[in-house]
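Visitor: I'd like a close look at just one part of this protein, and I'm new to reading structures. Could you pick a residue in a strand and walk me through its surroundings?

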Amino acid sequence: MEEKEKKAEQEFCKEWNHKEFQKKHELARKIVEDTLKQLNDVYIQRTGHGFIRFLESRMKTPESICEKLRRKGYKVDFETAVEKLNDLSGVRCICYSTREIYWIARQFGKDERFTVIKAKDYIRKPKKNGYESYHIIMDVPVPTDEKKEKVQTVRVELQLRTMIMDAWASMDNRISYKKDDKISPEMMKRIEKYAKIGRRLDKLIQRTLDEVVEQ
C-alpha cells in the first residue's frame, strides 16, 4: 500500500471509530433488533411459534470498508463511505422458513418509523453462486438528545435468512468470497449444485411446518 493510501486509511479509521458515530449506529441497530423481538412476540401470539432462530448485529470494520471503497472505485474517505455504502451497519435475523421472512419484510414496510430505501430479494432471484437472503436497506430514526425531540436517520441493512440459507452463505463465504478469479469452473458448478439442494431442503422444511400447523 502506498504512503498516500495508508494515510487516507488512517484518517478514515480515526473518524470511523469516533465514539459518537459508533454510538449512533449501535442505537440504530438496537432499534431494529428490538422491533424484530416485538414482531416475534406478535408472531407467537398468531401462530404459537416464534420466528427468531438467531439474531445478531455488527458494524463493518474500517479495513473492510476501505477495501470495499477501493473495489468499487470510490475515494477512500469517511464522507464517501457514509454516502455511497448501504451496509456499514447491519442486523441479521435467522428464521425457520421463507414464509416468516416475507412476513417480517411486510411488517417493516408498514412501519412508519422506518424509510425503506431498497429491498433486495435474493430468495426469488438467488445470486449466481446460489446465495439466498432478503435484504432490507432502511433509514432508522435515532434520537440525538435526551428528550428524544431531535432525531437523525442512520442507514441499516437488515438481512433475513433461513437456517439453510445462513449455513450456505457461511460456507460459500469461506470458499469463494472475493476470490472469484481463483475458483475453478468445476468448483463453481459444484457450489451452484449444492445451493439448489439447499433450496429444495428449505421447501421441504416449509412443507413440514405447514403440515404441523394443520394438524
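Guide: Here is a walk around one histidine, then out to the strands, a helix and some rings. Keep in mind that this is a predicted model.

Let's start with histidine 135, which sits in strand β4. Is histidine 135 buried or exposed? Its relative accessible area is 6%, and buried means under 20%, so histidine 135 counts as buried.

Now look at what its side chain touches. There's a polar contact of 2.8 Å between the side chains of histidine 135 and tyrosine 131. Another polar contact, at 3.3 Å, links the side chain of histidine 135 to that of serine 133. Tyrosine 131 has a further partner: lysine 127 lies over the face of its ring, 5.1 Å from the ring centre.

What about residues farther along the chain? If you skip the neighbours within four places in sequence, histidine 135 is in contact with Lys118, Ala119, Lys120, Tyr122, Glu157, Leu158 and Gln159.

Next, zoom out to the strands. Strand β4 covers residues 134–143, and 10 bridges join β4 to β5 in an antiparallel arrangement. One bridge to find on screen is proline 141, whose partner in β5 is threonine 153. Strand β5, residues 151–162, also pairs with strand β2, residues 89–95, this time in the parallel sense and over six bridges. Here, glycine 90 stands opposite glutamate 157 of β5. You've met that glutamate already: Glu157 is among the contacts of histidine 135.

While you're here, follow the chain to helix α5, residues 98–110. This helix has 13 residues and reaches 19 Å from its first C-alpha to its last, close to the 18 Å expected at 1.5 Å a residue. Its buried residues are Glu100, Ile101, Tyr102, Trp103, Ile104, Ala105, Gln107 and Phe108. Tyrosine 102 has a charged partner too, with arginine 124 lying over the face of its ring, 4.3 Å from the ring centre.

Last stop, the rings. The structure holds 11 aromatic pairs. In one of them, tyrosine 43 and phenylalanine 51 have ring centres 5.7 Å apart and planes at 75°, so the pair is edge-to-face. Both tyrosine 43 and phenylalanine 51 are buried. Elsewhere, ring pairs tie Phe12, Trp16, Phe21 and Phe78 into a cluster.

Note on methods. Residues numbered from 1 in each chain as written. Predicted model: local features only at pLDDT ≥ 70, side-chain atom pairs only at ≥ 80, totals over all residues. Heavy atoms only, no water. Helix = DSSP H or I, 4+ residues; strand = E, 2+ residues; numbered from the N terminus. Expected span 1.5 Å × (residues − 1). Buried < 20%, exposed > 50% of the residue type's maximum accessible area, 1.4 Å probe, protein only. Pairing = 2+ DSSP bridges. Phe/Tyr/Trp six-rings, centres within 6.5 Å; stacked < 30°, edge-to-face > 60°. Lys NZ or Arg CZ within 6 Å of the ring centre and 35° of its normal. Polar contact = N/O pair within 3.5 Å; in protein donor to acceptor, adjacent residues only side chain to side chain. Contact = heavy atoms within 4.5 Å.
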